[in-house]
Amino acid sequence: MSGDELSRDQQAQWEHELRSARAELAESQVEASSGDGSVRIVMSGTQECLKVLIAPNLLTSQDPELLEQLIRLAINQAIQDSQLMAARRLSPLSGDLDR
């Protein structure tokens, strides 16, 4: 097998592993909350917001700024958690680029 064939085989294997990792991330979920769980965000490993759960007492609250702040905090935490999960899953594949 020539070097070019080996390289193509390695690239095909890497692309397969990358597709597999992305599919796993799309199926994976993280959950973040704020306000002692009053606002919960469920996000996929591909940073897609899947659920927004808000405690009923916050919906009837006379403090919309508090609700906005809690939603923003939970969303930002969910994004960070999802990005960390993706980085951990994809980082082993980045070593393959050096070959």
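Me: What makes β2 and β3 count as paired strands?

Reply: Five bridges join β2 to β3, and pairing asks for at least two DSSP bridges between two strands, so β2 and β3 qualify as a pair. They run antiparallel. One of the bridges sets arginine 40 opposite leucine 53 in β3. Do keep in mind that this is a predicted model, where local features need pLDDT of at least 70 and side-chain atom pairs count only at pLDDT 80 or more, while totals for chains, interfaces and linings use all residues. Residues are numbered from 1 along each chain as its sequence is written, and side-chain values use heavy atoms, with hydrogens and water left out.

Me: How do you know where β1 belongs in the sheet?

Reply: The open sheet of three strands has the order β1-β2-β3, with antiparallel pairing. β1 (29–34) and β3 (49–54) are edge strands with a single partner each, so one side of each has no neighbour in the sheet. Between neighbouring strands the average turn is 15 degrees, direction ignored. β1 is joined to β2 (residues 39–44) by six bridges. Among the facing residues, glutamate 31 has valine 42 as its bridge partner, and glutamine 29 stands opposite serine 44.

Me: What do the two hairpins look like at their turns?

Reply: β1 and β2 have four residues between them, and glycine 35 there takes a positive phi near 60 degrees. The hairpin of β2 and β3 also has four residues between its strands, and glutamine 47 in the turn has a positive phi of about 60 degrees.

Me: Why are the elements of this chain called helices and strands, and how many are there?

Reply: The names follow DSSP runs, numbered from the N terminus: H or I over at least four residues for a helix, E over at least two for a strand. The chain has three helices and three strands, in the pattern α-β-β-β-α-α.

Me: How do you know which residues of β1 are buried?

Reply: Buried means under 20% relative accessible area, exposed over 50%, and partly exposed in between (1.4 Å probe, protein chains only). Val30, Ala32 and Ser34 point to one face of β1 and are buried, while Gln29, Glu31 and Ser33 point to the other and are not. In a regular strand, side chains do alternate between the two faces of the sheet.

Me: Is leucine 70 buried or exposed, and what about leucine 53?

Reply: Leucine 70, in helix α3, has 10% relative accessibility and therefore counts as buried. Leucine 53, in strand β3, has 31% and is therefore partly exposed. Over the whole chain of 99 residues, 22% count as buried.

Me: What makes α3 a helix that packs on the sheet?

Reply: Contact means heavy atoms within 4.5 Å, and helix α3 (residues 64–94) touches β1, β2 and β3. Its direction makes about 150 degrees with that of β1; axes here are lines fitted to C-alpha atoms, for helices over the stretch in contact, with angles from 0 to 180 degrees between N-to-C directions. Leaving aside neighbours within four places in sequence, leucine 70 is in contact with Ser34, Gly35, Val39 and Leu58. The C-alpha atoms of leucine 70 and glycine 35 are 6.2 Å apart, although 35 residues separate them along the chain. Under the same exclusion of sequence neighbours, alanine 78 contacts Val30, Ala32, Ile41 and Met43.

Me: Why is one set of residues called a nonpolar core?

Reply: The term covers buried Ala, Val, Leu, Ile, Met, Phe, Trp, Tyr and Cys residues joined through side-chain atoms within 4.5 Å. The largest such set here has ten residues: Val30, Ala32, Val39, Ile41, Met43, Leu58, Leu67, Leu70, Ala74 and Ala78. β1, β2 and α3 each supply at least two of them, and the largest share, four residues, comes from α3.

Me: What makes the link from serine 38 to glycine 35 a polar contact?

Reply: Serine 38 sits in the loop between β1 and β2, and its side chain reaches the backbone oxygen of glycine 35 at 2.8 Å. A polar contact is a pair of N or O atoms within 3.5 Å; within protein, one must be able to donate a hydrogen and the other to accept it, and residues adjacent in sequence count only if both atoms are side-chain atoms. At 2.8 Å, the distance falls within that cut-off. Beyond four places in sequence, serine 38 also touches Leu53, Ile54, Ala55 and Leu58.
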